[in-house]
Amino acid sequence: MWRSARRTKTLLAQHARSMAASVEVEKVVDHHRNLMHLGKRYPLVAPDAYVAPNATVVGDVDLDDRVTVGYGAVLRGDLNNITIGAVSNIGDRTVVHTARTSPTGLSAVTSIGKYVTVGPGCAIRSATIEDNVIIGEKCVLGEGSLVESHAVLRPGSVVPPGRRIPSGQVWSGVPARYVRPVTNEEAEEIVRAAEAMFLLSREHEFEFLPYGTLYQELEKLREATGEQTK
């Protein structure tokens with residue numbers, strides 16, 4: 001008998017832990033808002049842009065066609081505008097934000113052009129990145145910095161405030177310094193990398209859409225046929 005009571009106690013404890021885990025998961029999923037207004041500032045997101053479920057886009061942020069915002073990324077347009085051009089992608093855990101004004105005297109908005117790949121773990125503040133650029137992982141771009149088109153910034157580089165990286169060049173280091181010209185192969189890879197990231201984001205988006213989850217389709221079918229969901 002004591003064995004039966006002990007087993008019952010164990011099963012109840014397991015059930016309680018399972019319920020607690022379910023509640024915690026539900027709390028995390030339900031309470032996160034990946035698109036958030038802030039006063040009169042609000043995000044404008046193109047229909048085919050993808051924002052990961054645990055990414056955060058706040059305030060005055062414009063996401064153009066086929067933009068991808070990765071997991072854990074934060075785009076904070078609370079002080080100024082952030083614009084991201086078509087087919088660009090923001091890597092996981094990257095933070096993009098703005099200052100109210102820039103001590104350099106330049107614009108304090110953050111502008112990211114088309115076909116730009118920003119690697120994971122970067123920090124970008126009131127900077128401008130032109131079209132067709134690759135920013136490696138864990139790079140830092142200070143206020144007023146400018147990365148011109150067809151440039152490559154190697155991983156871990158730091159671009160000081162007001163620094164300009166000319167078009168068609170590879171830069172690297174802390175602070176970032178000129179390395180060499182971008183090769184033709186690298187220039188072609190910039191566009192391919194951006195397009196590949198967009199296609200990958202479609203697969204992720206499909207899993208998070210209501211019609212992309214099999215069990216939800218089954219629930220709809222049961223509801224339509226009058227069968228109770230078990």
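Which residue in S4 is the bridge partner of Leu-35? In this predicted model, the partner of Leu-35 is Val-57, which lies in S4. Strand S4, spanning residues 56-63, is mostly covered, in that 6 of its 8 residues are buried. The points below begin with the pairings of S4 and then turn to an open sheet.

**Pairings of strand S4**

- Strand S1, made up of residues 35-36, pairs with S4 in the parallel sense, and 2 bridges connect them; the pair Leu-35 and Val-57 belongs to S1 and S4 respectively.
- Strand S2, which covers residues 44-45, also runs parallel to S4 and is paired with it over 2 bridges, with Leu-44 standing opposite Asp-62 of S4.
- Strand S6, which extends over residues 74-84, pairs with S4 in the parallel sense over 7 bridges, and within S6 the bridge partner of Leu-63 is Ile-84.
- As general background, strands of a sheet pair through backbone hydrogen bonds, and the arrangement is either parallel or antiparallel.

**The open sheet of 8 strands**

- An open sheet with mixed pairing contains 8 strands, arranged in the order S3-S5-S7-S10-S13-S16-S19-S20.
- Its edges are formed by strand S3 (50-51) and strand S20 (177-181), each of which pairs on one side only.
- Within this order, strand S5 (residues 68-69) and strand S7 (residues 89-90) run parallel and are joined by 2 bridges, and Thr-68 stands opposite Asn-89 in S7.

Definitions and conventions: Residues numbered from 1 in each chain as written. Predicted model: local features only at pLDDT ≥ 70, side-chain atom pairs only at ≥ 80, totals over all residues. Heavy atoms only, no water. Buried < 20%, exposed > 50% of the residue type's maximum accessible area, 1.4 Å probe, protein only. Helix = DSSP H or I, 4+ residues; strand = E, 2+ residues; numbered from the N terminus. Pairing = 2+ DSSP bridges.
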